Amino acid sequence: MNVFKKVSAVSLIAGLSVLTACGGNAAPGNAATAGGAASEVPVANAAPAGGAPVTIEFWYGLGGKLGENMESLIQKFNASQQEVVVKGIVQGDYTETEQKLQAAIAAGQVPAVVLSSNIAWARKGYYAPMDELIAGQPDFNKEDFVQTFLNQGQVDGKQYFLPMYGSTQVMYYRKDAFAKSGIDASQIKTWEDLAAAAKKMTVSEGGKTTFYGWEPMWGSGNMIDAALSKGGSILSEDGTKVTIDSPEWIDTWEFFRKAIHEDKTMRIHSGGQGWEYWYKTIDDVMKGQAAGYTGSSGDQGDLDFSVVSAMEQPGWAGAGEGKPVAGASMAGIPAQAGDAEKQAAMKWLTYFTSSENTAFWSINTGYISVRQSALQDPAFVAFSESNPQIKIPLQQAAHASAPFQDPTGGKINDALKIAADKVQIENIPAAEALKEAQQTAQAALDKLK
């Protein structure tokens, strides 16, 4: 299972229409054609002037197909030039990566680059700012990045982390169920539209729902996305007040409670071991027991797109387009790494985030490309012609919200998780659950004063 699913985001679009005008970023070792496509050229780079290449360690917590794809890009990078050799060191997961990095920092033996990010650690000086290193990469083209993702790596005005890939929660629906009820997915612009469609598609027998119109994913993530789309915020602009009991929040969460417990047009799978609830939700849709669900962009590898299709999360009537969260998995360069290692690490990161390679990563993993120009990459274009769903997460990321940075170290997020369970599982009115959550979260925030 894709670990990024645990994570529940610029205006890259002033529209995808502008993307065609955006400059790309060709991977070192590749040459950009006149049409903007990157084509690989024979590697005949001269050995570095100093002799031996700089060998660096890159720590990442990816396994399975994700790990295989990462190793494939590492080997491709190593073969593309003679100045840097990347040695991939696989960790158990994101958490283990950070734990081992903490020990490495304490011992003064750090890798040159790591797929991990920690803003607090950046402020403590454990990570190196990247701005000067980025300036040394002539083909970097910072403006081509999906700014929602790039901004997530900035700390106090400096770029400490670079996004390697992104994820967001999108909508997957059964094409046959929509067709049977005469529903055009392209016309579902609001949550109100979706509720009406779900009601139309729901089938009940003897007072029991036998086919659900929609299945949100268990937890606070989907409902936070919808609240943000309605104009809600988690904190006030000055950061002193928790605002999760505002009308935008209450109306949104009450919408889901009513659909689940009163209308019974939506269902939540909860509990179980690990990702059990996630796969039960997917199974309901794939086995014809629900018309659709809200899930990760990284689910695409688990789905049969002859049966389902994908669409963006909707907005709300009168509130504009949806603004769900889009988060990035980011890499950083430990401050203790030597200067040569830091420069080598930036070469690797520049390569990995090139248009060609971020497109490769998206095609093979379902994660979101971090560059706008990936949409014009020839391989991505060819793949998307037969797999149009691959574009949906990137299109949604263009108008997404940035992930919430909890100043209390997680207590506000925890309060939201508890409130979500009360609404989704216990059928407690949203106003009551969110009021209690606001009080708990505000108390935690006030302790920081």
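Biologist: How many helices and strands does the protein have?
Modeller: The model is predicted: local features need pLDDT of at least 70, side-chain atom pairs count only at pLDDT 80 or more, and totals for chains, interfaces and linings use all residues. Numbering runs from 1 along each chain as its sequence is written, and side-chain values use heavy atoms, leaving out hydrogens and water. Helices (H or I, at least four residues) and strands (E, at least two) are DSSP runs, numbered from the N terminus. The protein has 16 helices and 13 strands.

Biologist: What percentage of the residues count as buried?
Modeller: Buried means under 20% relative accessible area, exposed over 50%, and partly exposed in between (1.4 Å probe, protein chains only). Of the 449 residues of the protein, the buried share is 53%.

Biologist: How much of the exposed area do carbon and sulfur atoms supply?
Modeller: Areas come from the Shrake-Rupley method with a 1.4 Å probe, and for residues only the protein chains shown count as cover. The protein exposes about 18800 Å². The part from carbon and sulfur atoms is 50%.

Biologist: Which helix gives the largest share of the largest nonpolar core?
Modeller: A nonpolar core is a set of buried Ala, Val, Leu, Ile, Met, Phe, Trp, Tyr and Cys residues joined through side-chain atoms within 4.5 Å. The largest such core has 61 residues, and those touching the most other members are Phe58, Met70, Val113, Met164, Trp348, Leu349 and Trp361. The largest share of this core, 7 residues, comes from α11.

Biologist: Which residues does Met70 touch, leaving out those up to four places away in sequence?
Modeller: Contact means heavy atoms within 4.5 Å. With that exclusion, Met70 touches Phe58, Tyr60, Leu62, Met164, Trp348, Phe352 and Trp361.

Biologist: Which residues form the aromatic cluster that includes Phe58?
Modeller: Rings of Phe, Tyr and Trp (its six-membered ring) pair if their centres lie within 6.5 Å; planes under 30 degrees apart count as stacked, over 60 as edge-to-face and the rest as tilted. The whole structure holds 23 aromatic pairs. One cluster is formed by Phe58, Tyr60, Phe77, Tyr165, Trp348, Tyr351, Phe352, Trp361 and Tyr367.

Biologist: Over the face of which residue does Lys230 lie?
Modeller: A charge sits over a ring if NZ of Lys or CZ of Arg is within 6 Å of the ring centre and within 35 degrees of the ring normal. Arg371 lies over Phe140, at 5.5 Å from the ring centre. Lys230, at 4.4 Å from the ring centre, lies over the face of Trp316.

Biologist: What covers the buried residues of α9?
Modeller: Helix α9 spans residues 247-262, and its buried residues include Trp249, Trp253, Phe256 and Ile260. An α-helix has 3.6 residues a turn, so residues three or four places apart point the same way. The cover over the buried residues of α9 includes α7, α8, α15 and α16.

Biologist: Is Ser354 buried or exposed?
Modeller: Ser354 is found in the loop between α11 and α12. Its side chain makes a polar contact (a pair of N or O atoms within 3.5 Å; within protein, one must be able to donate a hydrogen and the other to accept it, and residues adjacent in sequence count only if both atoms are side-chain atoms) with the side chain of Asn357, at 3.2 Å. Because its relative accessibility is 0%, Ser354 counts as buried.

Biologist: With which side chain does Asp238 make a polar contact of 2.8 Å?
Modeller: Asp238 lies in the loop between α8 and α9. The side chain of Asp238 makes a polar contact of 2.6 Å with that of Ser236. The contact of 2.8 Å joins Asp238 to the side chain of Thr240.
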